[in-house]
Amino acid sequence: MIIYSILYPILTFLFIMIWVTNTTINIFLIRLLPIIMSYVLIGIFVIEFILVLIFRKKLKSVKNKRIALIFAFLFYEIVMWITMGDLPIINIFNEPFLKNILAAVSVSSFLSLAIIFCIICIKDKMKKRSFV
């Protein structure tokens, strides 16, 4: 589970940087967003890493790993709400995607979560096949 807690902020930051290179917003916001996101993602990573170390014996099953990742996503959304003053996931469709910072922040996190879910499912299926 520690690998997934490391992979989550890395993928989220990667998707945000892909969005930043394709966006049409103000140049000041483009320069400021990666700095803010790196601080937020480092903070989330530290807290998530500590929680994973505390609950590592409980996080052995696939179901518990999925629940932990959903809590990480919710924690990410709450931290973004505190930092940006608005829930990113609620305001996805308010503006066009290339101009909506909140949508990019939320969608990048959701894509990271989906990729990690797929990795967990593939790893679980491979583990079940090796025992048969």
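1. Starting near the C-terminal end: Lys-123 sits in helix α4, where a helix is a DSSP run of H or I with at least four residues, a strand is a run of E with at least two, and numbering goes from the N terminus. Lys-123 has a relative accessible area of 45%, so it is partly exposed; buried means under 20%, exposed means over 50%, and partly exposed is what falls in between (1.4 Å probe, protein chains only). Its C-alpha is 9.6 Å from that of Val-62, although the two are 61 residues apart in sequence.

2. Before going on, a word on what we're looking at. This is a predicted model, with local features needing pLDDT of at least 70 and side-chain atom pairs counting only at pLDDT 80 or more, while totals for chains, interfaces and linings use all residues. Residues are numbered from 1 along each chain as its sequence is written, and side-chain values use heavy atoms, with hydrogens and water left out.

3. On the overall fold: there are four helices and zero strands, giving α-α-α-α along the sequence. The C-alpha trace spans about 55 × 30 × 25 Å along its principal axes. Of the 132 residues, 38% are buried.

4. Back to α4, which covers residues 101-131 and includes Ser-112. Ser-112 counts as buried because its relative accessibility is 0%. Its C-alpha lies 9.5 Å from that of Phe-73, with the two positions 39 residues apart along the chain counted as their separation.

5. Phe-117 is also a residue of α4. At 21% relative accessibility, Phe-117 counts as partly exposed. The C-alpha atoms of Phe-117 and Leu-98 are 26 Å apart, for a sequence separation of 19 residues.

6. Now the surface. Ile-42, Val-46, Ile-47, Ile-50, Leu-51, Ile-54 and Phe-55 make up a nonpolar patch with about 640 Å² of accessible area together. Patch members have over 30% relative accessible area and no salt bridge, with nonpolar side chains (Val, Leu, Ile, Met, Phe, Trp, Tyr) joined within 5 Å and like charges within 9 Å. A salt bridge here is a Lys or Arg side-chain nitrogen within 4 Å of an Asp or Glu carboxyl oxygen, and areas are Shrake-Rupley values with a 1.4 Å probe, only the protein chains shown counting as cover. Val-46 belongs to helix α2 (residues 27-54) and is partly exposed, at 39%.

7. Last, the largest pocket, at about 260 Å³. A pocket is an open set of points on a 1 Å grid where a 1.4 Å probe fits, with protein on both sides within 12 Å along at least five of seven lines, and lining residues have an atom within 4 Å of a point. It is lined by 14 residues, with Leu-51, Phe-55, Ala-68, Phe-71 and Ala-72 nearest the centre. Helices α2 and α3 (62-84) each supply at least two lining residues, and α3 gives the largest share, six. The lining divides into twelve nonpolar, one polar and one charged.

Key:
Points joined across faces, edges and corners; volume = space filled by probe spheres on them. Nonpolar A, V, L, I, M, F, W, Y, C, P; charged D, E, K, R; others polar.
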